[in-house]
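Here are a few friendly notes to read alongside the structure. Take the points one at a time, and find each residue in the viewer as you go.

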Amino acid sequence: VHSEHAVRFGLDHVARSNDACSFACAYRKAAPATVPEPGAFMTESGAVAPVTERERANRLAAETLDRERCHRAVERYAEDAKAMGVASASADVLATGHAAGSGDVADILARYAKTKNADLVVVGSRGSGSAARAALGLVGLGSVSDRLVRTLTRPVLVVKKDRPSEAADRKRAEREDTAEQATRGGAGDAGVGFPPEGGFAKGDE
């Protein structure tokens with residue numbers, strides 16, 4: 001959701017007709033059956049519990065769903081960009097994780113941006129606070145957008161999606177402002193010779 005919001009914002013407010021837009025989505029590649037996932041259970045002897053066939057099947061199913069989701073998303077974004085008239089648009093799906101022989105999402109996206117020689121990187125944000133990012137960073141799960149801002153040497157635009165409560169509050173405030181302006185306008189214009197369609201009314205000659 002956050003990534004899609006960032007893409008839409010970029011297409012609406014940043015992209016120009018002479019731009020080349022590249023869209024990337026990262027999915028997690030399933031680890032082999034012999035490799036335990038992070039946080040795997042350990043036996044009483046301290047050894048990592050072996051991966052069962054069912055667990056392996058679940059990993060592969062999750063990978064397939066994630067990869068297909070990525071393909072659909074970037075292809076749709078590229079088509080939308082072309083329809084808006086950009087010079088070119090490409091769609092790429094990137095595998096992450098140890099099973100793919102690569103790093104995490106932030107590492108992969110940073111390398112992708114460098115490979116594309118991007119003038120600007122547009123990325124979404126979950127909107128976590130700095131305290132939450134710091135806590136997550138202790139276990140290697142820091143914010144992707146935060147890491148891209150700190151590690152990339154090229155401009156990064158972070159698009160934050162409002163939480164439902166924030167969006168509702170802003171819309172309510174906009175409605176109240178509109179109603180207040182309408183009230184003021186109605187009171188101030190009473191008895192003044194302004195025609196309904198606007199402009200100035202002609203005085204008596």
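1. Let's begin in the loop between α3 and β3 (121-125), where N117 sits. Keep in mind that this is a predicted model. The phi of N117 is near 55°, which is a positive value in a residue other than glycine. Most residues other than glycine have a negative phi, so this one deserves a look. Is N117 buried or exposed? N117 is exposed, because its relative accessible area is 56% and anything over 50% counts as exposed.

2. Now follow the chain back from that loop into α3. Helix α3 (residues 105-116) packs against helix α5 (residues 144-151) at an angle of about 45°, and their axes are 9 Å apart. That angle makes α3 oblique to α5. The crossing of the two helices, α3 and α5, is right-handed.

3. Which residues in α3 and α5 meet? From α3 come V105, A106, D107, L109 and A110, and from α5 come V144, R147 and L148. Sorted by character, the residues of this contact between α3 and α5 are 6 nonpolar, no polar and 2 charged. Try colouring them by type to see this for yourself.

4. Next, the nonpolar cores. The largest one has 14 residues, and those with the most contacts inside it are V7, L11, F23, Y77, A81, V86 and A89. Three elements give two or more residues to this core: α1 (2-13), β1 (20-28) and α2 (53-83). Of these, α2 gives the most, with 6 residues.

5. Y77 is a good residue to click on. Leaving aside its neighbours within four places in sequence, Y77 is in contact with E4, V7, R8, L11 and F23. Apart from this core lies another, of 11 residues, among them L109, A110, A113 and L148. You have already met some of these names: L109 and A110 in α3, and L148 in α5, are in the helix contact of point 3.

6. Finally, step back to the whole protein. How many helices and strands does the secondary structure come to? There are 6 helices and 4 strands, and from the N terminus on, the elements run α-β-α-β-α-β-α-α-β-α. Of the 205 residues in the protein, 22% are buried. Among contacts between residues at least 6 apart in sequence, 69% join residues at least 24 apart.

Technical notes. Residues numbered from 1 in each chain as written. Predicted model: local features only at pLDDT ≥ 70, side-chain atom pairs only at ≥ 80, totals over all residues. Heavy atoms only, no water. Axes fitted to C-alpha atoms, helices over the stretch in contact; angles between N-to-C directions. Parallel < 35°, antiparallel > 145°, perpendicular 65-115°, else oblique. Left-handed = near helix turned anticlockwise from the far one by under 90°. Contact = heavy atoms within 4.5 Å. Nonpolar A, V, L, I, M, F, W, Y, C, P; charged D, E, K, R; others polar. Core = buried A, V, L, I, M, F, W, Y, C linked by side-chain atoms within 4.5 Å. Buried < 20%, exposed > 50% of the residue type's maximum accessible area, 1.4 Å probe, protein only.
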